[in-house]
Amino acid sequence: MLVPRLTRLISVLAGLLGASALLCLSPAVAAARPTAVLSEPWPMFSMVYQDTAEAGVQGVTVSQTFQVQYADQRHFSSKVIAHSDARVGTGYSQTFDGDVATTTDPRTGVSHTKTYGPNEFGVPADWLVPRKTPALLLRSGATSSALRPGVDVARVSYGVGSHFVTEEVQYRSSEGIPLSYTQTVDGRVTRQVTVIQLQVGN
Amino acid sequence: MRKLRRLYVAVTLAVLLSVLTAMPAQAAQTSTTCDSVPKYYCAYVVYVDEGTYVDNLSRAWEGALGGSGCPTYCTTKDWKIWWVQDWTWNGSSWTWQRNFGQSSWYQNGSFLGYNTYNGYTITKPALVNFMFCFHDYYPDTGTNVYWTSPQLDHYLDGSSPDQVGGGGSC
(Lines give C-alpha, C1' and ligand atoms only; values in the text may rest on other atoms or scores of the structure.)
Protein backbone atom coordinates (compact mmCIF):
# COMPACT_ATOMS: atom_id res chain seq x y z
CA MET A 1 0.00 0.00 0.00
CA LEU A 2 2.74 2.37 1.00
CA VAL A 3 4.94 1.59 -1.99
CA PRO A 4 2.36 2.57 -4.66
CA ARG A 5 1.67 5.82 -2.76
CA LEU A 6 5.37 6.59 -2.54
CA THR A 7 5.79 5.72 -6.19
CA ARG A 8 2.94 8.04 -7.07
CA LEU A 9 4.41 10.83 -4.90
CA ILE A 10 7.84 10.42 -6.47
CA SER A 11 6.26 10.57 -9.93
CA VAL A 12 4.43 13.81 -9.08
CA LEU A 13 7.55 15.39 -7.63
CA ALA A 14 9.58 14.36 -10.65
CA GLY A 15 6.97 15.89 -12.92
CA LEU A 16 7.03 19.16 -11.00
CA LEU A 17 10.83 19.31 -11.09
CA GLY A 18 10.82 18.61 -14.81
CA ALA A 19 8.28 21.35 -15.46
CA SER A 20 10.33 23.85 -13.45
CA ALA A 21 13.48 22.99 -15.42
CA LEU A 22 11.57 23.44 -18.65
CA LEU A 23 10.33 26.89 -17.62
CA CYS A 24 13.84 28.01 -16.69
CA LEU A 25 15.24 26.92 -20.03
CA SER A 26 12.37 28.08 -22.23
CA PRO A 27 13.52 30.97 -24.43
CA ALA A 28 9.95 32.21 -24.72
CA VAL A 29 9.64 32.63 -20.98
CA ALA A 30 13.13 34.06 -20.62
CA ALA A 31 12.30 36.70 -23.22
CA ALA A 32 8.82 37.58 -21.96
CA ARG A 33 9.88 40.41 -19.61
CA PRO A 34 13.50 41.49 -20.28
CA THR A 35 13.56 44.21 -17.63
CA ALA A 36 16.15 44.96 -15.01
CA VAL A 37 15.07 44.10 -11.51
CA LEU A 38 15.24 47.56 -9.96
CA SER A 39 13.09 49.06 -7.26
CA GLU A 40 10.78 51.80 -8.47
CA PRO A 41 12.09 55.22 -7.37
CA TRP A 42 8.75 57.03 -7.80
CA PRO A 43 5.09 56.30 -7.12
CA MET A 44 2.64 56.77 -9.96
CA PHE A 45 1.64 60.37 -10.65
CA SER A 46 0.14 62.76 -13.17
CA MET A 47 1.77 66.11 -13.80
CA VAL A 48 1.42 69.26 -15.88
CA TYR A 49 4.52 71.37 -16.30
CA GLN A 50 5.67 74.35 -18.35
CA ASP A 51 9.09 74.47 -20.00
CA THR A 52 10.35 77.87 -21.23
CA ALA A 53 13.77 77.98 -22.86
CA GLU A 54 15.92 80.10 -25.08
CA ALA A 55 15.99 78.27 -28.36
CA GLY A 56 18.86 79.67 -30.32
CA VAL A 57 21.70 82.08 -30.64
CA GLN A 58 19.27 84.85 -31.57
CA GLY A 59 17.59 84.59 -28.17
CA VAL A 60 14.23 83.32 -29.38
CA THR A 61 12.24 81.84 -26.47
CA VAL A 62 10.02 78.76 -26.77
CA SER A 63 7.40 77.87 -24.18
CA GLN A 64 5.65 74.48 -24.05
CA THR A 65 3.23 72.92 -21.60
CA PHE A 66 3.35 69.16 -21.13
CA GLN A 67 1.00 66.64 -19.54
CA VAL A 68 2.71 63.57 -18.07
CA GLN A 69 1.15 60.31 -16.94
CA TYR A 70 3.65 58.16 -15.02
CA ALA A 71 2.98 54.62 -13.82
CA ASP A 72 6.54 53.28 -13.41
CA GLN A 73 9.98 53.50 -15.03
CA ARG A 74 8.78 51.57 -18.05
CA HIS A 75 5.27 52.94 -18.45
CA PHE A 76 4.73 56.65 -18.93
CA SER A 77 3.57 59.17 -21.49
CA SER A 78 4.12 62.85 -22.19
CA LYS A 79 2.14 65.15 -24.49
CA VAL A 80 2.44 68.80 -25.51
CA ILE A 81 -0.84 70.49 -24.56
CA ALA A 82 0.18 74.09 -25.30
CA HIS A 83 2.91 75.75 -27.39
CA SER A 84 3.98 79.34 -27.87
CA ASP A 85 4.39 78.86 -31.64
CA ALA A 86 1.02 78.63 -33.41
CA ARG A 87 2.56 76.59 -36.24
CA VAL A 88 3.30 73.75 -33.82
CA GLY A 89 -0.05 73.34 -32.14
CA THR A 90 -0.57 70.55 -29.62
CA GLY A 91 -0.43 66.80 -29.50
CA TYR A 92 3.26 66.05 -29.97
CA SER A 93 3.74 63.04 -27.75
CA GLN A 94 5.97 60.27 -26.58
CA THR A 95 5.20 57.09 -24.73
CA PHE A 96 7.29 54.41 -23.08
CA ASP A 97 5.38 51.15 -22.93
CA GLY A 98 7.38 48.32 -21.42
CA ASP A 99 10.34 48.17 -23.77
CA VAL A 100 9.36 50.46 -26.64
CA ALA A 101 9.57 54.23 -26.82
CA THR A 102 7.35 55.91 -29.43
CA THR A 103 7.51 59.56 -30.46
CA THR A 104 4.63 60.92 -32.57
CA ASP A 105 4.23 64.26 -34.35
CA PRO A 106 0.52 64.79 -35.17
CA ARG A 107 1.37 67.35 -37.87
CA THR A 108 2.96 64.61 -39.94
CA GLY A 109 1.36 61.50 -38.48
CA VAL A 110 4.80 59.89 -38.31
CA SER A 111 5.98 57.91 -35.31
CA HIS A 112 9.52 56.95 -34.41
CA THR A 113 10.06 53.90 -32.20
CA LYS A 114 12.96 52.35 -30.35
CA THR A 115 13.15 49.10 -28.42
CA TYR A 116 15.11 49.10 -25.17
CA GLY A 117 17.20 46.43 -23.48
CA PRO A 118 16.91 45.33 -19.84
CA ASN A 119 19.24 48.00 -18.42
CA GLU A 120 18.20 50.84 -20.71
CA PHE A 121 15.55 53.41 -19.83
CA GLY A 122 13.79 56.26 -21.52
CA VAL A 123 12.62 59.25 -19.49
CA PRO A 124 9.56 61.52 -19.56
CA ALA A 125 11.90 64.53 -19.97
CA ASP A 126 15.60 65.35 -19.64
CA TRP A 127 14.92 67.10 -16.30
CA LEU A 128 12.33 64.48 -15.17
CA VAL A 129 14.51 61.40 -14.68
CA PRO A 130 13.12 58.71 -12.33
CA ARG A 131 15.63 58.73 -9.46
CA LYS A 132 15.50 59.16 -5.70
CA THR A 133 17.80 62.18 -6.00
CA PRO A 134 18.46 64.53 -8.97
CA ALA A 135 21.11 63.35 -11.40
CA LEU A 136 22.88 66.70 -11.18
CA LEU A 137 24.05 65.66 -7.69
CA LEU A 138 26.36 63.20 -9.45
CA ARG A 139 28.40 66.12 -10.82
CA SER A 140 31.45 67.35 -8.97
CA GLY A 141 30.68 70.28 -6.66
CA ALA A 142 26.92 69.71 -6.54
CA THR A 143 25.14 70.44 -3.26
CA SER A 144 21.73 69.77 -1.77
CA SER A 145 19.89 71.29 1.16
CA ALA A 146 16.42 71.59 2.61
CA LEU A 147 14.47 74.45 1.01
CA ARG A 148 11.20 74.15 2.91
CA PRO A 149 9.35 71.33 4.67
CA GLY A 150 9.07 68.46 2.19
CA VAL A 151 11.17 70.11 -0.52
CA ASP A 152 14.92 69.96 -1.07
CA VAL A 153 17.03 71.87 -3.57
CA ALA A 154 20.07 70.64 -5.50
CA ARG A 155 22.50 72.97 -7.28
CA VAL A 156 25.63 72.69 -9.38
CA SER A 157 27.73 75.27 -11.25
CA TYR A 158 30.37 74.76 -13.93
CA GLY A 159 31.99 76.41 -16.94
CA VAL A 160 31.02 75.72 -20.55
CA GLY A 161 33.47 77.47 -22.84
CA SER A 162 33.51 81.10 -21.70
CA HIS A 163 30.12 80.80 -19.96
CA PHE A 164 29.22 80.14 -16.31
CA VAL A 165 26.28 77.76 -15.99
CA THR A 166 24.20 76.99 -12.89
CA GLU A 167 21.56 74.28 -12.71
CA GLU A 168 19.06 74.01 -9.86
CA VAL A 169 16.41 71.38 -9.17
CA GLN A 170 13.80 71.64 -6.43
CA TYR A 171 12.39 68.22 -5.56
CA ARG A 172 10.17 66.39 -3.12
CA SER A 173 12.24 65.11 -0.19
CA SER A 174 10.11 61.98 0.21
CA GLU A 175 10.79 60.33 -3.17
CA GLY A 176 12.68 62.79 -5.36
CA ILE A 177 10.04 63.88 -7.89
CA PRO A 178 11.30 67.23 -9.27
CA LEU A 179 9.10 70.30 -8.91
CA SER A 180 11.19 72.76 -10.90
CA TYR A 181 14.37 73.05 -12.94
CA THR A 182 16.24 76.31 -13.54
CA GLN A 183 19.27 76.86 -15.75
CA THR A 184 21.13 80.16 -15.72
CA VAL A 185 23.96 81.18 -18.02
CA ASP A 186 26.17 84.06 -16.88
CA GLY A 187 23.49 85.01 -14.34
CA ARG A 188 20.61 85.03 -16.85
CA VAL A 189 17.82 82.44 -16.69
CA THR A 190 17.89 80.61 -19.99
CA ARG A 191 15.57 77.74 -19.14
CA GLN A 192 12.80 77.48 -16.56
CA VAL A 193 10.70 74.39 -15.95
CA THR A 194 7.86 74.69 -13.44
CA VAL A 195 5.42 72.01 -12.30
CA ILE A 196 1.93 73.51 -12.46
CA GLN A 197 -0.04 70.48 -11.27
CA LEU A 198 1.08 67.30 -9.55
CA GLN A 199 -1.12 64.46 -8.33
CA VAL A 200 0.75 61.60 -6.72
CA GLY A 201 -0.78 58.17 -6.34
CA ASN A 202 -3.92 56.67 -7.90
CA MET B 1 17.23 115.33 -78.74
CA ARG B 2 14.66 114.66 -76.02
CA LYS B 3 13.46 111.59 -77.86
CA LEU B 4 17.01 110.28 -78.05
CA ARG B 5 17.49 110.86 -74.33
CA ARG B 6 14.27 109.01 -73.51
CA LEU B 7 15.30 106.17 -75.78
CA TYR B 8 18.68 106.01 -74.05
CA VAL B 9 17.06 105.82 -70.56
CA ALA B 10 14.59 103.14 -71.67
CA VAL B 11 17.29 100.97 -73.19
CA THR B 12 19.49 101.35 -70.09
CA LEU B 13 16.64 100.33 -67.81
CA ALA B 14 15.81 97.35 -70.00
CA VAL B 15 19.42 96.17 -69.94
CA LEU B 16 19.59 96.57 -66.15
CA LEU B 17 16.35 94.64 -65.69
CA SER B 18 17.54 91.76 -67.83
CA VAL B 19 20.82 91.58 -65.92
CA LEU B 20 19.09 91.55 -62.54
CA THR B 21 16.61 88.82 -63.49
CA ALA B 22 19.39 86.70 -64.95
CA MET B 23 21.47 86.75 -61.70
CA PRO B 24 21.60 83.40 -59.90
CA ALA B 25 19.45 82.95 -56.75
CA GLN B 26 21.35 83.58 -53.53
CA ALA B 27 21.81 81.09 -50.74
CA ALA B 28 19.73 81.59 -47.61
CA GLN B 29 20.26 80.21 -44.10
CA THR B 30 17.79 79.49 -41.34
CA SER B 31 18.46 80.87 -37.85
CA THR B 32 20.59 78.50 -35.78
CA THR B 33 18.69 76.67 -33.05
CA CYS B 34 20.47 75.26 -30.02
CA ASP B 35 19.80 74.27 -26.42
CA SER B 36 19.74 77.23 -24.09
CA VAL B 37 23.45 77.31 -23.08
CA PRO B 38 24.38 75.99 -25.74
CA LYS B 39 26.24 72.85 -24.77
CA TYR B 40 24.32 69.92 -26.28
CA TYR B 41 23.07 70.63 -29.83
CA CYS B 42 22.78 73.18 -32.62
CA ALA B 43 21.36 72.99 -36.16
CA TYR B 44 20.60 75.14 -39.20
CA VAL B 45 19.91 74.75 -42.91
CA VAL B 46 21.48 76.50 -45.89
CA TYR B 47 19.46 76.41 -49.13
CA VAL B 48 18.85 78.19 -52.41
CA ASP B 49 15.30 79.36 -53.09
CA GLU B 50 14.47 78.67 -56.72
CA GLY B 51 10.89 79.91 -56.54
CA THR B 52 8.77 76.76 -56.51
CA TYR B 53 11.41 74.60 -54.88
CA VAL B 54 14.59 74.80 -52.86
CA ASP B 55 17.85 73.09 -53.72
CA ASN B 56 21.57 73.03 -52.89
CA LEU B 57 20.60 72.18 -49.33
CA SER B 58 23.12 71.76 -46.55
CA ARG B 59 21.53 70.40 -43.37
CA ALA B 60 24.03 71.26 -40.63
CA TRP B 61 24.10 69.75 -37.13
CA GLU B 62 26.57 69.58 -34.29
CA GLY B 63 26.36 68.07 -30.82
CA ALA B 64 28.36 67.66 -27.62
CA LEU B 65 28.10 66.10 -24.17
CA GLY B 66 27.83 69.32 -22.17
CA GLY B 67 31.31 70.83 -21.89
CA SER B 68 35.00 70.01 -21.90
CA GLY B 69 34.74 68.11 -18.59
CA CYS B 70 32.43 65.56 -20.18
CA PRO B 71 32.17 62.63 -20.35
CA THR B 72 34.59 62.24 -17.43
CA TYR B 73 32.84 64.60 -15.00
CA CYS B 74 29.27 64.43 -16.20
CA THR B 75 26.66 61.73 -16.71
CA THR B 76 26.21 62.25 -20.46
CA LYS B 77 28.45 59.74 -22.23
CA ASP B 78 27.45 59.68 -25.92
CA TRP B 79 25.33 61.62 -28.38
CA LYS B 80 24.14 61.16 -31.95
CA ILE B 81 21.85 62.72 -34.49
CA TRP B 82 18.75 60.55 -34.33
CA TRP B 83 17.07 61.86 -37.46
CA VAL B 84 17.17 64.59 -40.08
CA GLN B 85 14.09 64.66 -42.30
CA ASP B 86 12.85 66.61 -45.33
CA TRP B 87 9.16 67.54 -45.66
CA THR B 88 6.98 69.32 -48.19
CA TRP B 89 3.53 70.82 -47.66
CA ASN B 90 0.86 69.27 -49.91
CA GLY B 91 -1.82 71.83 -49.16
CA SER B 92 -3.21 70.13 -46.07
CA SER B 93 -0.31 68.44 -44.27
CA TRP B 94 3.42 67.96 -44.20
CA THR B 95 4.47 65.06 -46.44
CA TRP B 96 7.64 63.10 -45.73
CA GLN B 97 10.30 63.26 -48.45
CA ARG B 98 13.37 61.57 -47.04
CA ASN B 99 15.20 60.60 -43.88
CA PHE B 100 18.98 60.81 -43.47
CA GLY B 101 19.03 58.37 -40.59
CA GLN B 102 21.07 58.04 -37.45
CA SER B 103 24.73 58.88 -37.07
CA SER B 104 27.18 56.82 -35.05
CA TRP B 105 27.67 57.71 -31.38
CA TYR B 106 30.05 60.60 -30.59
CA GLN B 107 31.92 61.28 -27.33
CA ASN B 108 33.15 64.89 -27.69
CA GLY B 109 32.57 67.00 -24.59
CA SER B 110 32.53 70.36 -26.43
CA PHE B 111 31.34 71.30 -29.91
CA LEU B 112 33.82 70.34 -32.64
CA GLY B 113 32.09 71.69 -35.73
CA TYR B 114 29.10 70.94 -37.91
CA ASN B 115 28.34 67.78 -39.82
CA THR B 116 26.15 68.15 -42.89
CA TYR B 117 23.74 66.16 -44.98
CA ASN B 118 23.73 67.73 -48.44
CA GLY B 119 21.84 67.68 -51.68
CA TYR B 120 18.32 66.92 -52.99
CA THR B 121 15.53 69.35 -53.75
CA ILE B 122 12.31 69.96 -51.86
CA THR B 123 9.15 71.41 -53.40
CA LYS B 124 8.07 74.48 -51.49
CA PRO B 125 6.74 75.00 -48.85
CA ALA B 126 9.64 73.04 -47.40
CA LEU B 127 10.68 71.97 -43.92
CA VAL B 128 13.75 70.21 -42.52
CA ASN B 129 13.75 68.90 -38.95
CA PHE B 130 16.39 67.47 -36.63
CA MET B 131 16.35 65.31 -33.50
CA PHE B 132 19.38 64.56 -31.31
CA CYS B 133 19.74 61.60 -28.93
CA PHE B 134 21.80 61.56 -25.72
CA HIS B 135 22.91 58.68 -23.53
CA ASP B 136 23.54 59.16 -19.81
CA TYR B 137 25.01 56.61 -17.43
CA TYR B 138 24.34 56.83 -13.69
CA PRO B 139 27.08 55.00 -11.76
CA ASP B 140 25.18 54.98 -8.48
CA THR B 141 22.32 52.90 -9.96
CA GLY B 142 24.21 51.34 -12.88
CA THR B 143 21.49 52.42 -15.31
CA ASN B 144 21.60 53.77 -18.86
CA VAL B 145 19.15 56.56 -19.68
CA TYR B 146 18.34 57.98 -23.12
CA TRP B 147 16.84 61.41 -23.75
CA THR B 148 16.33 63.69 -26.73
CA SER B 149 16.59 67.27 -27.80
CA PRO B 150 13.33 68.90 -28.84
CA GLN B 151 12.50 68.32 -32.51
CA LEU B 152 14.10 71.31 -34.26
CA ASP B 153 11.93 72.46 -37.19
CA HIS B 154 13.57 74.66 -39.83
CA TYR B 155 11.14 76.21 -42.32
CA LEU B 156 12.80 77.12 -45.62
CA ASP B 157 10.81 80.30 -46.19
CA GLY B 158 12.67 82.91 -44.18
CA SER B 159 10.57 82.45 -41.04
CA SER B 160 12.02 81.54 -37.65
CA PRO B 161 12.56 77.89 -36.67
CA ASP B 162 10.48 76.25 -33.97
CA GLN B 163 11.16 73.56 -31.33
CA VAL B 164 8.64 71.00 -30.13
CA GLY B 165 8.65 68.27 -27.52
CA GLY B 166 12.00 67.30 -26.18
CA GLY B 167 13.70 65.55 -23.35
CA GLY B 168 11.93 62.33 -24.17
CA SER B 169 13.19 58.90 -25.08
CA CYS B 170 15.30 57.76 -28.01
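These exercises work through the fold of chain A and the cavities of a predicted model.

**Exercise 1. Describe the make-up of chain A: which elements does it hold, and in what pattern?**

Step 1. Count the elements. Chain A has 2 helices and 12 strands.

Step 2. Read along the sequence. The pattern is α-α-β-β-β-β-β-β-β-β-β-β-β-β. Both helices therefore come before the strands, with helices and strands taken as DSSP runs numbered from the N terminus.

**Exercise 2. Characterise burial, contacts and surface in chain A: what percentage of its residues count as buried?**

Step 1. Take burial. Chain A has 202 residues, and 42% of them count as buried. The cut-off here is under 20% relative accessible area.

Step 2. Turn to contacts. Consider those in chain A with a separation of 6 or more. Residues 24 or more positions apart account for 38% of them.

Step 3. Add the surface. The accessible surface of chain A is about 10400 Å². Carbon and sulfur atoms hold 59% of that area.

**Exercise 3. Analyse the largest cavity: what is its volume, and which elements line it?**

Step 1. Search the whole structure. It contains 3 cavities of 30 Å³ or more.

Step 2. Size the largest one. Its volume is about 710 Å³.

Step 3. Find the residues around its centre. The lining has 44 residues, and the closest to the centre are A:D126, A:W127, A:E167, A:Y181 and A:R191.

Step 4. Assign the lining to elements. In chain A, strand 1 (45–54), strand 2 (61–72), strand 10 (163–172) and strand 11 (178–185) each supply at least two residues. In chain B, strand 9 (126–138) and strand 10 (143–148) do so too. Strand 2 of chain A gives the largest share, 4 residues.

Step 5. Sort by chemistry. The lining of the largest cavity divides into 20 nonpolar, 14 polar and 10 charged residues.

**Exercise 4. Repeat the analysis for the second largest cavity: how many residues line it, and which lie nearest its centre?**

Step 1. Size it. The second largest cavity has a volume of about 100 Å³.

Step 2. List the lining. There are 16 residues, with A:Y92, A:Q94, B:G165, B:G166 and B:G168 nearest the centre.

Step 3. Assign elements. Strand 3 (75–83) and strand 4 (93–97) of chain A give two or more residues to this lining. Strand 3 of chain A gives the most, with 3 residues.

Step 4. Sort by chemistry. The lining of the second largest cavity holds 6 nonpolar, 9 polar and 1 charged. Gly is placed among the polar residues, so B:G165, B:G166 and B:G168 belong to the polar group.

Methods: Residues are numbered from 1 along each chain as its sequence is written. Chains are lettered from A and ligands numbered from 1 in the order in which they are written. This is a predicted model: local features need pLDDT of at least 70, side-chain atom pairs count only at pLDDT 80 or more; totals for chains, interfaces and linings use all residues. Side-chain values use heavy atoms; hydrogens and water are left out. Buried means under 20% relative accessible area, exposed over 50%, partly exposed in between (1.4 Å probe, protein chains only). Contact means heavy atoms within 4.5 Å. Accessible areas come from the Shrake-Rupley method with a 1.4 Å probe; for residues, only the protein chains shown count as cover. On a 1 Å grid over the protein atoms alone, a cavity is a set of points where a 1.4 Å probe fits but cannot get out, and a pocket is an open set with protein on both sides within 12 Å along at least five of seven lines; lining residues have an atom within 4 Å of a point. Grid points are joined across faces, edges and corners, and a volume is the space filled by probe spheres set on the points.
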